[in-house]
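Reader: I would like to learn how to read a protein model feature by feature. Could you walk me through one?

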Amino acid sequence: MTGDFTWTYLWYLVQSIGWTLVLSALAFALGGAGGFLLMLARISPRRWLRMPAQVFIELIQGIPLLILLFIVYFGLSFYGLALPALVAAALALMIYTSAYLADIWRGCVEAMPRPQWEAAECLSFTRWQTLRLVIIPQAVRLSLPPTIGFLVQVIKMTSLASVIGFVELTRAGQIINNSIFQPFLIFTLVGVFYFLLCYPLSRWSAALEDRLNVGNR
């Protein structure tokens, strides 16, 4: 049985974009903070910091995000820690995002020429001063395109939060489709909305890459 797609349904989809952006922002902001700390640990000369960070990054990168969502939402509730869908989705995405951003940023820091480190040592900079004043400012320039490119992936990965009942764009489409059963129309619209969210960021990432000549480094 099918029904008519009305402006009410369209407005419901548009409103759900807001929750997609909220979840994306939480995942990227919290994941960025975690990723920065992981990156510092990953490049640390201290093995007791470097090795756990490496193990964590490789472990998270080897687990599908969907499984991580199930662990956080269903697994923790089994032990009495029941989290709201938004909190569980944000936590799972934060963990997942932090592992990938840490690797992206580590690669950019390690791509800095060795003479940069040696020049800072000649100026009697500490390791932290070298990172803060010399290496990281240059690495930020190198990291912008891949970081923005990964943000595009984060926005699209929020669609997996629908499996734990969080009503973002994909879940809103499922709810509407369950009411009127017009999957081609509804999920085409959902796809269009994702495209409108992601395409400007993809173009921005490509423009930054061209402007900063990152591809020619």
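Author: Happily; we will go through annotations, helices, burial and salt bridges in turn. This is a predicted model, in which local features need pLDDT of at least 70 and side-chain atom pairs count only at pLDDT 80 or more, while totals for chains, interfaces and linings use all residues. Residues are numbered from 1 along each chain as its sequence is written, and side-chain values use heavy atoms, with hydrogens and water left out.

Reader: Let me start with the record. Which residues does the UniProt annotation "transmembrane region" cover?

Author: A word on such records: UniProt positions are given in the numbering used here, feature names are shortened, and annotations may be inferred rather than shown by experiment. Here, the unreviewed UniProt entry gives "transmembrane region" for residues 17–43, 55–76, 82–102, 148–167 and 179–201. The unreviewed entry also places "domain: ABC transmembrane type-1" at residues 13–205.

Reader: How do I set those spans beside the model? What is the helix content of residues 13–205?

Author: Helices (H or I, at least four residues) and strands (E, at least two) are DSSP runs, numbered from the N terminus. Residues 13–205 are 83% helix and 0% strand, with end C-alpha atoms 27 Å apart. For residues 55–76 the figures are 86% helix and 0% strand, and the end C-alpha atoms lie 22 Å apart. Residues 82–102 are 86% helix and 0% strand, with 28 Å between the end C-alpha atoms.

Reader: Now a single helix, please. How do I check the span of helix H3?

Author: The expected span of a helix is 1.5 Å times one less than its number of residues. Helix H3 (residues 65–78) has 14 residues and should therefore span 20 Å; its end C-alpha atoms are 19 Å apart, which agrees.

Reader: Where does H3 bend?

Author: The bend at a residue is the angle between axes fitted to the seven residues ending there and the seven starting there. In H3 the bend is about 30°, at Ile71. After H3 comes Gly80, with a positive phi near 90°.

Reader: Which residues of H3 are buried, and what covers them?

Author: Buried means under 20% relative accessible area, exposed over 50%, and partly exposed in between (1.4 Å probe, protein chains only). Leu65, Leu68, Leu69 and Val72 of H3 are buried. The cover over the buried residues of H3 includes H4 and helix H6 (127–157).

Reader: Is Leu91 in helix H4 buried or partly exposed?

Author: Leu91 is partly exposed, at 30% relative accessible area. Contact means heavy atoms within 4.5 Å. Not counting residues up to four places away in sequence, Leu91 touches Val72 and Leu83. Leu91 and Leu26 are 65 residues apart in sequence, yet their C-alpha atoms are 8.7 Å apart in space.

Reader: And Thr97, also placed in helix H4: what does its side chain reach?

Author: A polar contact is a pair of N or O atoms within 3.5 Å; within protein, one must be able to donate a hydrogen and the other to accept it, and residues adjacent in sequence count only if both atoms are side-chain atoms. The Thr97 side chain reaches the backbone oxygen of Leu93 at 2.7 Å. Thr97 has a relative accessible area of 0%, so it is buried. Leaving aside neighbours within four places in sequence, Thr97 is in contact with Ala27, Phe28, Gly31, Phe150 and Val154.

Reader: Last topic: how many salt bridges are there?

Author: A salt bridge is a side-chain nitrogen of Lys or Arg within 4 Å of a carboxyl oxygen of Asp or Glu. By this rule the count is 4. One of them joins Arg114 to Glu118, with the closest N and O atoms 3.9 Å apart. Both residues lie in helix H5 (residues 114–122), 4 residues apart, about one turn of the helix. Arg114 is partly exposed at 47% relative accessibility, and Glu118 is partly exposed at 39%.

Reader: Which residues do shared partners join into one network?

Author: Asp103, Arg106 and Glu110. Asp103 pairs with Arg106, the closest N and O atoms being 3.2 Å apart, and Arg106 pairs with Glu110 at 2.8 Å. Asp103 and Arg106 are 3 residues apart in helix H4 (residues 85–110), while Arg106 and Glu110 are 4 residues apart there. Arg106 counts as buried at 18% relative accessibility, whereas Asp103 is partly exposed at 25% and Glu110 partly exposed at 47%.
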